[in-house]
Amino acid sequence: MGLFSGFKKLVNKTITLSPYQRSDMVVFARLKGGELKLGSEIEVEEGYCAILTHFDNICDVLMPGVHKFDGQGMPILSKFAKPVKTKTGYVPPKKIKADLYYINLKSFDNNYFKTVDRITAYSGKDKVKMKVDGTYNVKVTNALKLMQTLLSELAVVKEGRALKELGALTGEAVAKILNSNNFQIQDYMDRDPEITKTINEYINKTMEKYGVEDSCVVINQLYLKQKPEQKSDEQDKKQ
């Protein structure tokens with residue numbers, strides 16, 4: 001399928017995005033044989049950046065433009081390219097093991113999240129266990145931090161996995177902030193602006209360390225796991 005699967009091979013061996021892959025946040029460029037050939041060029045369009053990795057090492061972050069693998073255009077990756085000994089001396093290798101990721105820097109809106117851990121809320125004075133789901137908007141602010149996060153969880157970030165992982169992290173953060181506040185169920189139902197503000201401020205601060213900005217976090221549904229824990233008459237008398 002050309003220089004690498006799913007991507008377009010040009011005459012001058014320029015690697016670039018295919019049109020159908022522009023809707024994903026992180027695109028894994030399948031380099032043929034998992035190698036980048038000497039003399040290859042990587043084109044990065046406006047609104048994107050690209051990241052090269054060598055096994056477990058994150059190497060160069062490529063900004064918009066055309067970058068040539070010639071020992072200068074990708075300096076960090078080039079350090080891993082050990083010279084090859086020939087009869088006339090050492091020469092640069094013809095290829096090096098590498099993975100290439102394109103990062104879409106636009107805002108991805110109306111993404112789904114759902115909490116896994118149970119959340120404690122209140123109906124009056126009674127405790128209620130529940131889970132919630134909702135939507136959020138997300139935008140990459142630091143591609144390097146994002147890739148460090150994703151690669152620590154996944155060996156290879158395949159198509160669609162970035163938003164799935166960020167959805168799980170958002171769900172964890174939502175559960176944590178809701179569990180740390182004694183919110184009333186009725187306040188959720190009424191979409192209390194203070195709750196919305198508290199959630200969004202906490203989520204945005206938490207997700208910053210993953211290299212993204214979460215915004216417009218909205219809780220859509222509540223899933224009650226049990227009836228309110230009502231106190232007995234005998235317990236009320238003791239109090």
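## A walk through the model

Start by selecting glutamate 35 and lysine 95: these two form a salt bridge, with 3.5 Å between the closest N and O atoms. The pair ties together distant parts of the chain, since glutamate 35 sits in strand S5 (residues 35–37) and lysine 95 in strand S12 (residues 95–97), 60 residues apart. Keep in mind as you click around that this is a predicted model. Turn on a surface here if you like: glutamate 35 is partly exposed at 22% relative accessibility, and lysine 95 is also partly exposed, at 45%.

How many salt bridges are there by this rule? The count is two, so let's go to the other pair. Select arginine 161 and glutamate 165, whose closest N and O atoms are 3.4 Å apart in a salt bridge. This one is within a single helix, H3 (residues 161–179), where the partners are four residues apart and therefore separated by about one helical turn. Is each partner buried or exposed, or something in between? Arginine 161 is partly exposed, at 30% relative accessibility, whereas glutamate 165 counts as buried because its 17% falls under the 20% cut-off.

Stay with H3 and move inward. The largest nonpolar core has 43 residues, and the ones touching the most other members are Met25, Val26, Ile103, Leu146, Leu166 and Leu178. H3 supplies the largest share of this core, nine residues. Nonpolar side chains tend to be buried together in soluble globular proteins. For a close-up, pick leucine 166: beyond its neighbours within four places in sequence, leucine 166 contacts Met25, Tyr136, Val138, Leu146, Met207 and Val212. Apart from this core lies another one, of 21 residues, including Leu17, Val44, Leu52 and Tyr102.

Next, helix H2 (residues 143–153). Colour Ala143, Leu146, Met147, Thr149 and Leu150, which are buried. Where do they sit around the helix? They span an arc of only 160° around the axis, so they lie on the same side of H2. The helix geometry helps here: with 3.6 residues a turn, residues three or four places apart point the same way. While you're there, zoom in on the start of H2, where a side-chain oxygen of asparagine 142 comes to within 3.2 Å of the backbone nitrogen of leucine 144.

Now hop over to phenylalanine 183, in the loop between H3 and helix H4 (185–189). Loop or not, phenylalanine 183 is buried, with a relative accessible area of 11%. What does phenylalanine 183 touch, not counting residues up to four places away in sequence? Show Ala121, Tyr122, Ile177, Leu178, Tyr188, Ile195 and Thr198 and you have the list. For a distance to draw, try the C-alpha atoms of phenylalanine 183 and glycine 124: they are 59 residues apart along the chain and separated by 9.9 Å.

Then select histidine 67 in strand S9 (residues 65–68). Histidine 67 is buried, with a relative accessible area of 16%, and its side chain reaches the backbone oxygen of methionine 63 at 2.7 Å.

Last stop: the cysteines. How many disulfides does the structure hold? Zero. Cysteine 49 is buried, with a relative accessible area of 2%, and cysteine 59 is buried too, at 5%.

How values were computed
Residues are numbered from 1 along each chain as its sequence is written. This is a predicted model: local features need pLDDT of at least 70, side-chain atom pairs count only at pLDDT 80 or more; totals for chains, interfaces and linings use all residues. Side-chain values use heavy atoms; hydrogens and water are left out. A salt bridge is a side-chain nitrogen of Lys or Arg within 4 Å of a carboxyl oxygen of Asp or Glu. Helices (H or I, at least four residues) and strands (E, at least two) are DSSP runs, numbered from the N terminus. Buried means under 20% relative accessible area, exposed over 50%, partly exposed in between (1.4 Å probe, protein chains only). A nonpolar core is a set of buried Ala, Val, Leu, Ile, Met, Phe, Trp, Tyr and Cys residues joined through side-chain atoms within 4.5 Å. Contact means heavy atoms within 4.5 Å. A disulfide is a pair of cysteine sulfur atoms within 2.5 Å. The arc is that of the directions from the helix axis to the C-beta atoms. A polar contact is a pair of N or O atoms within 3.5 Å; within protein, one must be able to donate a hydrogen and the other to accept it, and residues adjacent in sequence count only if both atoms are side-chain atoms.
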